[in-house]
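Subject: Structure handover

Hi,

Here is the structure for you to look through. Please open it before reading on; my notes follow below.

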Amino acid sequence: MKSKCRYCGKETEKGKDFCCDKCRETFEAKTEKDNKRIKFFGIGLAIGAAIMFFGALMSKNIATGAGIIIMGITIIILPYTTPETIGMLGYKKAEIAGRLLGVLLALVGVWAGFLR
Ligand SMILES: [Zn+2]
């Protein structure tokens with residue numbers, strides 16, 4: 001099996017985690033930042049989910065939508081994905097995939113809260 005760069009996803013020499021030093025440095029810097037900010041990701045999602053839950057409970061579409069939008073924006077700002085996704089796509093693509101998911105979620109929120 002060929003190895004893949006954990007940052008950019010390019011194929012690397014067998015057994016190597018990164019294609020170059022720059023990728024390794026960027027990956028390490030980013031994961032270190034991620035570890036520091038992951039609590040904000042959790043808080044943002046929790047707040048969004050709580051607002052969405054109350055919106056659903058009270059049948060308030062705007063609150064439901066706003067809650068979903070908050071979760072979407074949290075993911076756009078802090079696009080955390082699973083280690084499995086990073087292993088499969090490389091950090092760079094996983095980050096883009098995470099952001100796309102956040103944008104989709106925010107759009108769903110706009111639809112659920114304001115367009116129905
Ligand atoms: Zn690379």
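Leaving aside neighbours within four places in sequence, which residues is Ile75 in contact with? They are Gly98, Leu101, Gly102 and Leu105. Keep in mind that this is a predicted model.

Now the core. Ile75 and Leu105 both belong to the largest nonpolar core, which has 12 residues. Ile51, Met52 and Ala112 are among the others. Three elements give two or more residues to this core: helix 1 (21-57), helix 2 (61-77) and helix 4 (91-115). Helix 2 gives the largest share, six residues. Another core, of nine residues, lies apart from this one. Phe18, Cys23, Ile86 and Ala94 are among its members.

Next, helix 2. How far apart are its end C-alpha atoms? They are 24 Å apart. That agrees with the expected span, because 17 residues at 1.5 Å a residue should also give 24 Å. Buried residues in helix 2 include Thr64, Gly65, Gly67, Gly72 and Thr74. Ile68, Ile69, Ile70 and Met71 are buried too. Helix 1 and helix 4 are among what covers the buried residues of helix 2.

Last, Thr81. Look for it in the loop between helix 2 and helix 3 (83-89). Thr81 has 19 other C-beta atoms within 10 Å. Buried would take 20 or more, so Thr81 counts as partly exposed. Not counting residues up to four places away in sequence, Thr81 touches Ile86, Ala94, Ala97 and Gly98. Lys14 is 67 residues away along the chain, and the C-alpha atoms of Thr81 and Lys14 are separated by 25 Å.

Best wishes

Conventions. Residues are numbered from 1 along each chain as its sequence is written. This is a predicted model: local features need pLDDT of at least 70, side-chain atom pairs count only at pLDDT 80 or more; totals for chains, interfaces and linings use all residues. A nonpolar core is a set of buried Ala, Val, Leu, Ile, Met, Phe, Trp, Tyr and Cys residues joined through C-beta atoms within 7 Å. Helices (H or I, at least four residues) and strands (E, at least two) are DSSP runs, numbered from the N terminus. Two residues are in contact if their C-beta atoms, placed from the backbone, lie within 7 Å. The expected span of a helix is 1.5 Å times one less than its number of residues.
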